[in-house]
Amino acid sequence: SSSVFICLLQAFCAVAWCTQLCLAERNSAKKKADENAENARNAAKEAAEKELEAIRLRVVAETGQKILTAIRERPAVRGALILAIGLAFLQQASGINAIFYYAPEIFQEVKLGTDDSRKYLVAGLGLVNFLATFIAIFMVDRVGRRPLLLVGTALMIVAEIGVAIAALFLGSEPGSLSGSSLIIVLGLVLSIVAFAFSLGPLVWL
């Protein structure tokens with residue numbers, strides 16, 4: 001009986017040892033797998049960061065990191081900036097704001113309309129401005145921005161010079177609506193139309 005007990009004890013010990021060994025190997029394999037997964041994640045993260053850094057450096061090398069450096073070192077960028085500022089200044093210096101702001105007083109000086117009807121005349125100028133903008137919408141892709149800007153600016157110069165000259169003879173002609181008055185009104189309308197298809201919209205396109 002003692003021999004049977006010893007055999008059973010040895011078998012139990014062997015099974016327990018094998019079980020412990022299997023558990024230890026399983027824990028070791030799981031730990032190693034977790035370490036490999038963590039290393040893979042870290043490697044992927046480092047590779048992604050390196051790729052992003054390479055892209056950033058390539059973009060910096062191609063476009064320049066600072067706008068002042070690009071303006072100083074690239075004549076094309078400097079010329080485009082000067083042109084944009086010049087067009088914006090020319091838009092404000094064209095006198096279009098003064099035309100709309102002082103339109104009631106101008107109509108009063110040229111004896112066009114009554115005090116109640118002049119607000120409708122000013123609204124008509126706004127409608128002319130709106131409708132003339134469609135000229136730029138339909139023509140900009142056909143003829144280009146530069147011809148529209150040149151033609152519109154030239155027309156505004158001619159129209160406003162004509163208005164200034166006609167204003168010199170405004171008080172010397174008899175009648176409620178003299179020839180000078182008609183020239184002033186037509187000059188204002190022409191100036192608004194020219195602005196609406198040139199300096200008005202094209203500066204922002």
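## Starting at Ala 167

Ala 167 sits in helix H7. With a relative accessible area of 42%, Ala 167 counts as partly exposed. In sequence, Ala 167 and Val 110 are 57 residues apart, yet their C-alpha atoms are 9.0 Å apart in space. Keep in mind that what you are looking at is a predicted model.

## The overall picture

What does the chain fold into? The secondary structure comes to nine helices and zero strands. Written from the N terminus on, the elements read α-α-α-α-α-α-α-α-α.

The protein has 205 residues, and 21% of them count as buried. About 14600 Å² of the protein is exposed, with carbon and sulfur atoms supplying 68% of that area. As for contacts with a separation of 6 or more, 69% of them are between residues 24 or more positions apart.

## The nonpolar core

In soluble globular proteins, nonpolar side chains tend to be buried together. Here, the largest nonpolar core has 25 residues, and the members touching the most others are Phe 107, Val 110, Ile 184, Leu 199 and Leu 202. Which elements give two or more residues to this core? They are H4 (96-101), H5 (103-109), H6 (118-143), H7 (145-168), H8 (179-196) and H9 (199-202). Helix H8 gives the largest share, six residues.

Take a closer look at Phe 107. If you leave aside its neighbours within four places in sequence, Phe 107 is in contact with Leu 112, Arg 118, Leu 121, Val 122, Leu 125 and Val 185.

## Thr 153, a buried spot on H7

Back on helix H7, you'll also find Thr 153. Is Thr 153 buried or exposed? Its relative accessibility is 18%, and the cut-off for buried is under 20%, so Thr 153 counts as buried. Not counting residues up to four places away in sequence, Thr 153 touches Leu 90, Ser 198 and Leu 199. Leu 199 has come up already, as one of the core residues that touch the most other members.

## A nonpolar patch on the surface

Nonpolar side chains show up on the outside too. Leu 127, Phe 130, Leu 131, Phe 134, Ile 137 and Phe 138 form a nonpolar patch on the surface, and together they have about 610 Å² of accessible area. One of these residues, Leu 131, is found in helix H6. Leu 131 is partly exposed, at a relative accessible area of 47%.

Phe 134 and Phe 138 belong to this patch as well. They are four residues apart in helix H6, so about one helical turn separates them. Phe 134 is partly exposed, with a relative accessible area of 32%, while Phe 138 is exposed, at 53%.

## Rings that pair up

How many aromatic pairs are there? The count comes to three. One of them joins Tyr 101 and Tyr 102: their ring centres are 4.9 Å apart and their planes meet at 80°, so this pair is edge-to-face. Tyr 101 is exposed, with a relative accessible area of 60%, and Tyr 102 counts as partly exposed at 44%.

The rings of Phe 134 and Phe 138 make another pair, with centres 6.4 Å apart. Why does this pair count as stacked? Its planes are at 25°, and planes under 30 degrees apart count as stacked, so the pair fits that label. Ring pairs also bring in Phe 130, linking Phe 130, Phe 134 and Phe 138 into a cluster.

## One salt bridge

Now for the charged side chains. A search of the whole structure turns up one salt bridge. Which side chains meet in it? They belong to Glu 38 and Arg 41, at 2.6 Å from N to O. Both residues lie in helix H1 (residues 2-63), three residues apart, which is about one turn of the helix. Glu 38 is partly exposed, with a relative accessible area of 36%.

## A stop in the loop

Last, find the loop between H5 and H6, where Asp 115 is located. Asp 115 has a relative accessible area of 64%, over the 50% cut-off, so it counts as exposed. Asp 115 and Pro 104 are 11 residues apart in sequence, and their C-alpha atoms are 8.6 Å apart in space.

Notes
Residues numbered from 1 in each chain as written. Predicted model: local features only at pLDDT ≥ 70, side-chain atom pairs only at ≥ 80, totals over all residues. Heavy atoms only, no water. Core = buried A, V, L, I, M, F, W, Y, C linked by side-chain atoms within 4.5 Å. Buried < 20%, exposed > 50% of the residue type's maximum accessible area, 1.4 Å probe, protein only. Contact = heavy atoms within 4.5 Å. Patch = residues over 30% accessible without salt bridge, like charges linked within 9 Å, V, L, I, M, F, W, Y side chains within 5 Å. Areas by Shrake-Rupley, 256 points an atom, 1.4 Å probe, with all protein chains shown as cover. Salt bridge = Lys/Arg side-chain N within 4 Å of Asp/Glu carboxyl O. Phe/Tyr/Trp six-rings, centres within 6.5 Å; stacked < 30°, edge-to-face > 60°.
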